[in-house]
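Me: I've got a protein model open and I'd like to practise reading it. Can we go through it with some questions?

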Amino acid sequence: MSTFFSQHKQLYYLLHLYQLYQKQQPWNHHQLAEQLELSTKQFSRYLKRFKAQGYFHYTPGNGRSNTSQIHWNKNIHEVLLNALKRAIQQLPIEEVNALFEDDFLISTFKSELAIHYFKQFSSPSNPNETLLIPIHKPVHTIHPHQAKDIYSMQLIYNVYDRLVSIEHHETVPGLAHRWETKVGGTRFYLRKLIYLHNGVILTAEHVKTCVAPLLNRNSWRFIHDIVVESETVIWLMHDVSETYLLHLLSTLEASIFVEGEKLTGSGPYEIVSFSDEQIRLQAFPHYFGYTAFIENIELKLVPSSIQRILTMDNQPPSDIKVLSYPNGDCMLLFNPNRPYFSAKQHRQLFKQQYHSYLRGVADALPNAIAPLHEEPFHLNIGISKNKVVLNARLKEVFEHLAIPYKLTQLTLNDYIEMDSIEAYDAIIYTNVSFEQSPFHQLRDLLDEYSFFSHFHQHNGLFQMIEQSMMVNDSPKWQNDFDTLSQFLQHEVYALPLFTHIEQLPYSHALQNLYTLDYSLIPFAQIWYNEK
């Protein structure tokens with residue numbers, strides 16, 4: 001029994017009694033008491049209480065063959081449902097999950113409660129109301145240099161600003177209102193009187209302090225020095241193309257912030273409160289850009305049990321539309337640095353078998369692969385607990401090919417921190433592309449924190465493409481991306497990744513927003529529809 005039901009015994013017994021009668025079986029007084037794990041005296045007391053409260057009329061069965069009769073009031077289902085609705089709005093997430101995972105509660109109630117829970121994410125009637133946005137994983141971090149997951153990046157996108165941004169393949173001023181490139185570097189002119197959320201005015205020194213730690217990363221080492229010329233002028237000394245530099249400065253890791261008791265940005269929204277379950281944002285009144293249309297936004301974590309029910313039902317509420325778009329790949333990524341998959345023939349054969357099992361058709365391929373060495377071995381495979389079908393098919397392939405294996409379930413932290421990643425022969429990996437331009441897609445693959453780059457860091461092709469990006473302008477990047485994609489087609493098994501966004505009041509025009517990446521929604525441009 002869940003904690004909630006143990007604390008609300010009357011609701012538990014009333015609900016249990018109602019669910020027993022849904023089975024349409026004949027019950028006598030003694031059997032009902034037994035089903036509820038009550039003595040007949042206790043059961044009689046509850047019956048009198050329920051009857052007095054008007055839930056039903058009860059006729060006890062007289063004689064051995066006579067069954068008891070309960071005549072429920074017509075609105076009893078709604079009464080019980082409303083009691084459960086009030087509960088899930090107030091319970092912490094752990095208890096909501098326990099309630100939904102309790103086998104006692106029938107699926108009809110679970111489905112109705114899940115749909116009701118999601119309906120709170122609805123259109124605000126005016127801009128002063130709070131807009132609730134569902135998130136399906138806790139935000140891992142609000143530090144731009146550490147963010148790797150979509151929910152952290154979504155928050156960072158709206159709380160911090162960058163020197164420039166890329167819109168429709170064009171560079172647009174951000175915190176810097178103009179810039180000029182000369183031999184050896186680029187000079188940026190900051191807007192004047194940019195207020196941070198803590199009331200401090202942003203200066204070039206703040207920008208230097210924020211960007212300097214990035215220079216230790218491979219993708220930023222082309223910047224040789226940062227020179228502050230004045231409070232609003234800063235030089236970045238480099239030897240790459242201006243186009244490459246500006247694109248890199250538009251990435252989320254280049255967000256500008258100030259560290260103190262807490263991280264502070266200058267974006268259109270400031271963080272009012274932060275926890276794993278709930279994040280409250282408020283429009284920043286001194287934002288240098290357009291004032292946000294909606295004053296308050298709350299990111300609320302959806303309990304995993306509710307997510308599973310809606311996924312199994314495959315039936316979102318009728319008034320919540322769903323937008324799907326491809327924004328990356330879910331893939332089986334082989335580690336060529338490990339003995340077993342160091343042979344290309346092993347990678348190719350395994351890919352073919354995996355593809356066959358995912359399609360539900362086993363091709364006429366060998367039932368075993370000759371090992372590269374005679375010593376006993378077990379393949380160590382990292383898997384994501386959320387990719388149930390992919391994991392199941394992976395087991396089938398190992399068993400079909402007679403390969404000893406060990407599956408290790410990786411957490412989100414494991415993927416982000418990349419701890420002991422070299423210990424795995426292969427991993428199930430989700431590569432989310434937060435931007436759709438060739439530059440950002442290439443950076444996702446070449447970044448030193450990318451699994452691709454980690455496994456292929458000594459591959460000359462990766463190094464050649466990275467050098468090409470730094471000296472060439474954007475038209476050449478598409479060719480570089482095509483070259484790298486062609487290489488990866490032979491190295492990984494990938495499936496398109498589709499993200500589903502529960503359409504909120506702004507979503508009917510989502511594709512008309514200026515951002516090129518639907519994953520990163522500019523909250524400041526969300527509006528409400530009076531109708």
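Me: Let's start with helix α8 (residues 150-159). How many of its residues are buried?

Reply: Quick heads-up: this is a predicted model. A residue counts as buried when its relative accessible area is under 20%. Helix α8 has 10 residues, and it is largely enclosed by the rest of the structure because the number that pass as buried is nine.

Me: Which strands do the buried residues of α8 pack against?

Reply: The buried residues of α8 include Tyr-151, Met-153, Leu-155 and Val-159. Contact here means heavy atoms within 4.5 Å. Going by that, the strands they pack against are β3 (130-135), β10 (269-274), β11 (278-283) and β12.

Me: Sticking with β12, is Glu-298 buried or exposed?

Reply: Glu-298 is found in strand β12, which covers residues 296-301. Leaving out residues up to four places away in sequence, Glu-298 touches Thr-130, Leu-131, Leu-132, Ile-133, Gln-278, Ile-279 and Arg-280. Its relative accessible area is 9%, so Glu-298 is buried.

Me: How do the axes of helix α2 (residues 9-22) and helix α4 (residues 40-52) run, roughly parallel or roughly perpendicular?

Reply: The two axes come within 11 Å and cross at roughly 90 degrees. Angles from 65 to 115 degrees count as roughly perpendicular. So α2 and α4 are roughly perpendicular.

Me: Which residues of α4 make that contact?

Reply: Two sets of residues meet here, one from each helix. On the α2 side you'll find Lys-9, Gln-10, Tyr-13, Leu-14 and Leu-17. Facing them from α4 are Phe-43, Tyr-46, Leu-47, Arg-49 and Phe-50.

Me: Now for charged pairs. What is the N to O distance between the side chains of Arg-217 and Glu-253?

Reply: Side chains of opposite charge can pair when their charged atoms come close. The cut-off for a salt bridge is 4 Å, from a side-chain nitrogen of Lys or Arg to a carboxyl oxygen of Asp or Glu. Arg-217 and Glu-253 do meet in a salt bridge, with an N to O distance of 2.6 Å.

Me: How many residues apart in the chain are Arg-217 and Glu-253?

Reply: Arg-217 sits in the loop between α9 and β8 (223-230), while Glu-253 sits in the loop between α10 (242-249) and β10. Their salt bridge links distant parts of the chain, and the two are 36 residues apart.

Me: In the salt bridge of Asp-425 and Arg-338, which residue is buried?

Reply: The side chains of these two meet at 3.1 Å, N to O. Arg-338 has 26% relative accessibility, so it counts as partly exposed. At 3% relative accessibility, the buried one is Asp-425.

Me: Which residues are joined into one network by salt bridges that share partners?

Reply: One of the bridges is between Glu-180 and Arg-187, at 2.4 Å from N to O. Glu-180 is partly exposed, with a relative accessible area of 23%, whereas Arg-187 counts as buried at 15%. The network formed through shared partners takes in Glu-180, Arg-187 and Glu-229.

Me: Last stop, the surface. Which residues make the nonpolar surface patch of about 270 Å²?

Reply: One member lies in the loop between β7 (185-190) and α9 (204-211), and that's Tyr-195. Tyr-195 has 32% relative accessibility, so it counts as partly exposed. The full patch is made by Leu-193, Tyr-195 and Ile-201.

Terms used: Residues are numbered from 1 along each chain as its sequence is written. This is a predicted model: local features need pLDDT of at least 70, side-chain atom pairs count only at pLDDT 80 or more; totals for chains, interfaces and linings use all residues. Side-chain values use heavy atoms; hydrogens and water are left out. Patches are made of residues with over 30% relative accessible area and no salt bridge: like charges are joined within 9 Å, nonpolar side chains (Val, Leu, Ile, Met, Phe, Trp, Tyr) within 5 Å. Accessible areas come from the Shrake-Rupley method with a 1.4 Å probe; for residues, only the protein chains shown count as cover. Helices (H or I, at least four residues) and strands (E, at least two) are DSSP runs, numbered from the N terminus. Buried means under 20% relative accessible area, exposed over 50%, partly exposed in between (1.4 Å probe, protein chains only). Axes are lines fitted to C-alpha atoms, for helices over the stretch in contact, and angles run from 0 to 180 degrees between N-to-C directions. Angles under 35 degrees count as roughly parallel, over 145 as roughly antiparallel, 65 to 115 as roughly perpendicular and the rest as oblique.
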